[in-house]
Structure formats: structure tokens, C-alpha cells
Amino acid sequence: RVFTLMLCGTCATEADTYEHVASLGELFAKDKDQLQMDSWLIHDGPGSGNRSEDFSKFIFPEVVEPYPYSAARGIATGAGTDETLQNAIAVIKAAHQDSEKGPITQINIVGRSRGAYNGIRVANKLYKDEALKDVPVNIMAFDPVPGAGNHGRRCKLLKPNVREYHSLISLNEHSAGFTPI
């Protein structure tokens, strides 16, 4: 069983028409055999107001409370990315333990900007989980940037669970803190 995690970039939500990751989510939503939280999850980005946790909380009680950071703080510092990581892991673990559907056999992660950065962090965190460390992970990262103050320190190296990694880098982005990793 394949689980796909889609992580939006800063200020972006699944409702934004300009967010490439959200467009992928629309494709999954049209397939009635694949239900969100069961085989896929789309997560709003930092500084977006993040409605993703509100929705997740109804299904998985282990999902952390929505983060109390202002949009400005999310934009400036990426505040909320740790909660996104925790929520994504909680949803994947719950889906993996679903005895009716069977365990997850592959995880695909697609992310843009800070969402791509967080996707790498999710993959690394999955490797530390005994139940999920051997599940192969594939990552498609669109312009993975940690944002100001993060310097990509948490995801410079990919763990052995990452089987495929593809990245598209924006060549003309020169904002402070947004050097691709």
C-alpha cells in the first residue's frame, strides 16, 4: 500500500491554485478509492493559518494541537514546521497500523519550498521509527529551502530509507535564508 504525503510551501494551502503541491492533492481527491489520511495527506505550509491539523485532529487524536504562531512568524522563521513534522508522522503511523488496509509498503513525499525541506525531515524521522524504518521513501522536492535561521541543519543527509530523491532547484532565488539544500 502506498502513502503519499504532500507538503505545501510557505503561506500556501491546499486551496491555493498557484501551489503545485495542492494541484497534486486535487488529483488524489478525485480518486474515490483513495481517501485522505488513509493513503494520502496534504499539509498546509508555515504562515498559512494551517487548517491541516484541525482536519487531522478529528481522525487521529495523537495529532498535536494547531500551532499558535502568527502568519508573520511562520513566514519569517518557518515557525510551525516542527508541528507539521509531528502531524505528518502521526498520520503515517496511524495509516501504517490500519489492520484492515494492511501496512504501508512505500511512502512518496512531494514538497515545495519549506514543505520540501520538511519532507526530507519527515523521511529522516521515519527512519528512526522501528515500525517504519524499512518502508522505502521516495522524495520529489521542489526548491527545498529551510528558510531564515534554519540553515538546513536537520536534513543535509538522507537516511537509507530514501530510495529515490529528485529535486528541482530555483536558480535565481537569492533571498537570505533561502539557499536550496
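In this predicted model, helices α4 and α5 meet through a well-defined set of residues: T81, D82, T84, L85, A88, I89 and I92 on the α4 side, and N118, R121, V122, K125 and L126 on the α5 side. Sorted by class, this contact is made up of six nonpolar, three polar and three charged residues. On α4, the spacing of L85, A88, I89 and I92 fits a simple rule of thumb. An α-helix has 3.6 residues a turn, so residues three or four places apart point the same way.

As for geometry, two packed helices are described by the angle between their axes and the distance between the axes. Here the axes of α4 and α5 come within 10 Å and cross at roughly 50 degrees. Angles under 35 degrees would count as roughly parallel and those from 65 to 115 as roughly perpendicular, so this pair is oblique. The crossing of α4 past α5 is right-handed.

Helix α5 itself runs over residues 114-127, and its length checks out: at 1.5 Å a residue, its 14 residues should span 20 Å, and the C-alpha atoms at its two ends do sit 20 Å apart. Not much of this helix is left uncovered, with twelve of the 14 residues buried. The buried set starts with R114, G115, A116, Y117, N118, G119, I120, R121, V122, A123 and N124, and L126 completes it. Of the residues that meet α4, N118, R121, V122 and L126 belong to this buried set.

What, then, covers α5? Its buried residues pack against helices α3 (71-77) and α4 (81-96), and also against strands β1 (2-7), β3 (106-112), β4 (137-142) and β5 (162-168).

A116 gives a close-up of one position in helix α5. With a relative accessibility of 2%, A116 falls under the 20% cut-off and therefore counts as buried. Leaving aside residues up to four places away in sequence, A116 touches G111, A141, F142 and P144. Of these, G111 lies in the stretch of β3, while A141 and F142 lie in that of β4. A116 and M6 are 110 residues apart in sequence, yet their C-alpha atoms are 8.9 Å apart in space.

Zooming out, the chain has five helices and five strands, arranged along the sequence as β-α-β-α-α-α-β-α-β-β. Of its 181 residues, 49% count as buried. Long-range pairs make up much of the contact list: among contacts between residues at least 6 apart in sequence, 74% join residues at least 24 apart.

Methods:
Residues numbered from 1 in each chain as written. Predicted model: local features only at pLDDT ≥ 70, side-chain atom pairs only at ≥ 80, totals over all residues. Heavy atoms only, no water. Helix = DSSP H or I, 4+ residues; strand = E, 2+ residues; numbered from the N terminus. Expected span 1.5 Å × (residues − 1). Buried < 20%, exposed > 50% of the residue type's maximum accessible area, 1.4 Å probe, protein only. Contact = heavy atoms within 4.5 Å. Axes fitted to C-alpha atoms, helices over the stretch in contact; angles between N-to-C directions. Parallel < 35°, antiparallel > 145°, perpendicular 65-115°, else oblique. Left-handed = near helix turned anticlockwise from the far one by under 90°. Nonpolar A, V, L, I, M, F, W, Y, C, P; charged D, E, K, R; others polar.
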